[in-house]
Amino acid sequence: MVGIVVVSHSDALAQGVVTLAREISPPELMLEAAGGIGEEGILGTSAELIGAAIARAMSAEGVLVLMDLGSALMSAELAVELLEGAPGPVRLSAAPLVEGAIAAAVAAGGGATLDEVAAEADRALEMKSAQVGTDDVSATKMDAASLEPTADAEAELAVENEVGLHARPAARFVETVRRFDAEVLVAKAGSGARPVSARSLTNVVALGARRGDSLRVLARGRQAGEVLVALRELAADGFGDGLATHASASPMNSRAAPEPGAELRGVPACAGLADGPARVLAPAAAAAARAAGGPGAGSPAAGCPAAGSPDQELESLERGIEAARAAITADRERLRATAGDDEAEIFDAHLALLDDEALLAPARRAIAAGASAEDAAAQAAAQVSEIYRRLDNPLLAERAVDVLDVGRRIVAGINATASSAANAKPPSPAQENDNDSHSQILVADELTPSEAAGLDRERIAGIATARGSATAHAAIIARALGIPAVVGLGDAILAIPPGTPLLLDGSAGTVVVSPEPELLDAAARREHANRARRSAATAGAHEPAELASGERIEIFANVGSVADAQTAVEQGAEGVGLLRTEFLFLDRAELPDEDEQTATLREIADALDGRPLIVRTLDAGADKPLPGLPMPAEANPFLGVRGIRVGLRNPELLSTQLRAVLRVAAERPLKLMLPMVASPAEVVATRELLERARAETGVTAGLELGIMVEVPAAALTSTALAPHVDFFSIGTNDLTQYTMAAERGNARLEPLLAEPQPAVLQLIRTTVVAARTHGRWVGVCGELAGDPPAAVLLAGLGVTELSMAPRLIPEIKQALRGVGLQQARAAAEQALHATSAEQAREHGLALLS
Ligand code: PEP
Ligand code: MG
């Protein structure tokens with residue numbers, strides 16, 4: 001292994017840098033400090049001390065020397081001249097001392113050659129520069145410089161998904177780019193960084209783009225325009241993530257071994273209760289690296305020289321990559337069948353890594369320098385994963401394990417395709433050392449996605465990991481497989497001796513060590529009841545929802561696409577209560593014309609197979625700007641031109657949409673709904689446009705017109721609005737935002753945004769009373785409708801239609817069936833007068849337990 005010497009004028013500084021580098025390098029790495037001149041407190045450098053440090057760090061692979069300022073270089077040069085008969089080469093590095101030492105330690109620890117260690121140290125500032133915005137991340141600088149002035153097309157894309165460009169959205173970005181005959185470069189807008197090639201997953205992830213950032217995309221070539229349109233569409237869809245919110249807290253527990261009865265707290269990753277003996281796995285990263293022959297496996301480069309010529313090793317690498325591709329594809333298909341498309345997509349990111357030059361180029365270079373294919377793949381994976389791990393973004397950093405996972409697959413592929421299959425694919429956690437058919441709780445530092453996908457549901461009852469978050473891929477897969485899981489439990493969970501009985505609660509995010517029998521009994525009873533509730537909910541998903549006292553509550557779905565509409569029907573929706581049509585418009589340079597809108601609406605209506613469809617007109621503005629319709633900047637966009645205000649200021653835009661709606665309404669059961677209405681005048685103005693659109697299309701069929709109640713003024717004046725509309729649908733997301741004066745995306749305002757706020761419940765009741773007086777019905781289509789305790793309260797307030805994300809439908813129907821109207825009314829009355837959202841929700845919850 002290459003040794004490293006840190007030279008500084010200050011002994012304390014040299015020692016400090018060595019301590020820092022030791023944190024991330026294997027113990028066997030020779031890391032030596034040579035600071036000061038040997039007399040305490042005196043600054044300077046000494047050739048003698050440096051020479052001694054080089055001798056201590058020396059091995060056949062050589063030593064890299066990093067220095068701070070001025071005379072440090074002279075002293076180091078002198079030290080090298082004075083060295084006699086050293087067994088390996090010595091290289092002086094011009095890299096920055098701290099970053100260079102860390103990068104060199106990671107590379108050397110991974111078994112890199114002296115050339116590679118020196119190169120890594122030289123590149124050490126690139127990541128930081130890219131993050132700060134002063135430089136480029138990769139070796140595509142020349143590309144970028146030459147392409148930028150001659151780009152054929154350019155676009156700026158907003159990053160609007162919750163977690164930014166982490167591995168899966170980045171993989172979709174790269175996949176989209178690769179589908180077109182165009183050269184594409186990307187940079188974080190406003191960062192000043194030069195664009196990097198968008199064909200590399202690592203480059204795209206390393207942009208570190210988060211929600212709220214914008215990407216500057218440059219394209220050149222035959223399909224430059226097409227690729228930008230496709231990327232715009234992808235960005236409009238949150239890069240395939242939508243706009244979901246995720247928890248990511250990761251409290252750490254102490255390193256001490258927990259006492260019997262201790263309760264460890266982590267992050268809930270998959271709901272459900274599980275108990276069983278602990279099955280403790282070696283840390284995932286180390287296990288993956290070990291399987292890959294990477295760091296943690298000793299010294300791969302030194303211990304395992306190439307068996308064949310570089311050409312033969314390159315062939316082995318290619319075979320390993322193809323075998324890995326087949327294995328990943330097989331896992332993806334298996335997961336698609338057992339869990340679903342979204343989860344299977346995790347492996348698309350892994351497949352993209354197999355084509356990523358940022359991973360493959362260092363592997364090929366290592367082979368050219370004499371490494372075996374296995375070592376080259378392992379080293380490259382270890383180095384790239386370290387880049388991810390060091391990113392200043394927890395979500396990206398946790399993708400390091402994905403890179404190690406891919407490295408492990410390649411090595412397994414190389415071994416499996418070699419003539420001696422002695423080192424076939426490492427066993428999955430479910431198989432390793434396991435003759436015990438008992439259900440166990442798998443305890444691990446962190447799981448890789450392939451380990452999670454390989455879990456045997458029959459044997460693994462629960463998962464408890466020290467690291468990771470609810471958004472880690474392994475957690476997503478655990479949820480899809482329905483294995484209760486808690487992540488981010490901290491090191492204490494790893495100190496648990498194998499076989500220790502554990503009780504895991506995936507909803508609360510807790511693990512109890514050696515639980516008392518009474519606790520186990522109580523948990524078993526709870527789990528039994530939960531199971532019964534879930535299976536009853538699924539069984540009754542296609543039955544209508546009736547309260548225990550017999551009143552019907554219509555259960556509809558919120559959708560944004562044809563696929564959503566299909567899911568809605570599968571989940572038992574009686575129709576669509578909210579079609580967010582803005583998804584047809586966002587990030588389109590040219591807005592869709594009447595025919596395109598008609599065709600899409602028809603397709604969605606057809607997916608519903610005769611069920612009613614409530615089409616909301618374009619709800620753009622604020623956080624949903626329309627690139628195809630530039631509007632002046634506003635100081636407070638949430639209080640600016642958004643929702644129906646956009647349509648009324650752009651009558652042709654709204655009229656086109658109204659004509660499309662009318663054309664489909666002539667053949668399918670459609671209703672129309674207006675967003676963000678604050679006054680009757682807005683409804684009257686829209687009706688006029690509607691009548692004109694009728695004349696233009698010749699459609700005479702009836703069309704019910706409703707409004708969203710999401711501005712407090714609409715609720716407070718619902719008596720004045722009711723004569724103008726056929727129904728009200730309450731948008732509790734915005735109604736809460738405007739009532740509490742708390743921007744809905746601002747996580748720092750959490751208590752104000754918690755639901756259901758008593759003030760919002762008061763506005764809902766006001767609306768219901770006004771609607772009843774005029775013979776109108778009231779629905780709720782905000783997120784509140786999909787929360788079982790809140791759904792019960794809404795029924796108690798007189799709401800008769802609830803529209804929600806499709807997957808929530810079975811549980812909501814089930815919750816409503818267990819509650820009578822009188823009970824719901826009484827609970828709602830109390831909730832109206834509660835002093836907090838939490839207290840209000842408790843009143844609904846009490847009816848469900
Ligand atoms: C709402 O505001 O509650 C609503 C359903 O509309 P959106 O979330 O699309 O703003
Ligand atoms: Mg809204």
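Q: Let me start with the strands. In which sense do strand 3 and strand 4 pair, parallel or antiparallel, and over how many bridges?

A: Good place to begin! Please keep in mind that this is a predicted model. Strand 3 and strand 4 (residues 90–93) pair in the parallel sense, over four bridges. To see one partnership, look at Val-65, whose bridge partner in strand 4 is Leu-92.

Q: Which strand, apart from strand 4, is joined to strand 3 by bridges?

A: That is strand 1 (residues 3–8), which runs parallel to strand 3 and is joined to it by five bridges. Val-6 can serve as your example here, since its bridge partner in strand 3 is Leu-66.

Q: What lies between strand 3 and strand 4, and what unit do they make?

A: Helix 3 (residues 71–82) belongs with them: strand 3, helix 3 and strand 4 make a β-α-β unit, and this unit is right-handed.

Q: Which way do the side chains of strand 3 point?

A: Start with the general idea: side chains in a regular strand alternate between the two faces of the sheet. In strand 3, Val-63, Val-65 and Met-67 point one way, while Leu-64 and Leu-66 point the other way.

Q: Are the residues of strand 3 buried or exposed?

A: Strand 3 (residues 63–67) is mostly covered, with five of its five residues buried. That holds for the residues pointing either way.

Q: Now a helix, please. How far does helix 35 reach, and what would be expected?

A: The general idea is to compare the reach with an expected 1.5 Å a residue. Helix 35 (residues 821–832) has twelve residues and reaches 16 Å from its first C-alpha to its last, close to the 16 Å expected.

Q: Which residues of helix 35 are buried, and where do they sit around the axis?

A: The buried ones are Leu-821, Ala-824, Ala-827, Ala-828, Ala-831 and Leu-832. They cover an arc of only 140° around the axis, so they lie on the same side of helix 35.

Q: What do the buried residues of helix 35 pack against?

A: They pack against three helices: helix 32 (758–773), helix 33 (788–797) and helix 36 (837–848).

Q: How do I read a nonpolar core, and which residues have the most contacts inside the largest one?

A: Think of a core as buried nonpolar residues joined through side-chain atoms within 4.5 Å. Here the largest has 83 residues, and Phe-173, Leu-215 and Leu-231 have the most contacts inside it. Helix 17 (residues 373–389) supplies the largest share of this core, eight residues. There is also a second, separate core of 81 residues, and Leu-689, Ala-722, Leu-797 and Ala-828 are among its members.

Q: Which residues is Phe-173 in contact with, leaving aside its neighbours within four places in sequence?

A: Its partners include Leu-157, Val-186, Ala-198, Leu-215, Leu-231 and Phe-239.

Q: What about backbone angles? Which sign of phi do most residues other than glycine have?

A: Most of them have a negative phi, and most peptide bonds are trans. Now for some departures from that pattern. Ser-514 has a positive phi, near 45°, and lies in the loop between strand 16 (510–513) and helix 22 (517–539). Ala-741 also has a positive phi, near 50°, and its place is in the loop between helix 30 (732–740) and helix 31. As for peptide bonds, the one from Glu-755 to Pro-756 is cis, with omega near 0°. You will find Pro-756 in the loop between helix 31 (750–753) and helix 32.

Q: Why does Ser-514 count as partly exposed, and why does Ala-741 count as exposed?

A: The cut-offs help: buried is under 20% relative accessible area, and exposed is over 50%. Ser-514 counts as partly exposed because its relative accessibility is 26%. Ala-741 is exposed because its relative accessible area is 69%.

Q: Is Thr-617 buried or exposed, and where is it found?

A: Thr-617 is buried, with a relative accessible area of 1%. It is found in the loop between strand 20 (613–616) and helix 25 (644–649). Beyond its neighbours within four places in sequence, Thr-617 has contacts including Thr-581, Glu-582, Gln-657 and Pro-675.

Q: To finish, how many helices and strands are there in the chain, and what percentage of its residues is buried?

A: The chain has 36 helices and 25 strands. Of its 849 residues, 55% are buried.

Technical notes. Residues numbered from 1 in each chain as written. Chains lettered and ligands numbered in written order. Predicted model: local features only at pLDDT ≥ 70, side-chain atom pairs only at ≥ 80, totals over all residues. Heavy atoms only, no water. Buried < 20%, exposed > 50% of the residue type's maximum accessible area, 1.4 Å probe, protein only. Helix = DSSP H or I, 4+ residues; strand = E, 2+ residues; numbered from the N terminus. Contact = heavy atoms within 4.5 Å. Pairing = 2+ DSSP bridges. Right-handed = clockwise from strand over helix to strand, strands pointing away. Expected span 1.5 Å × (residues − 1). Arc of directions from axis to C-beta.
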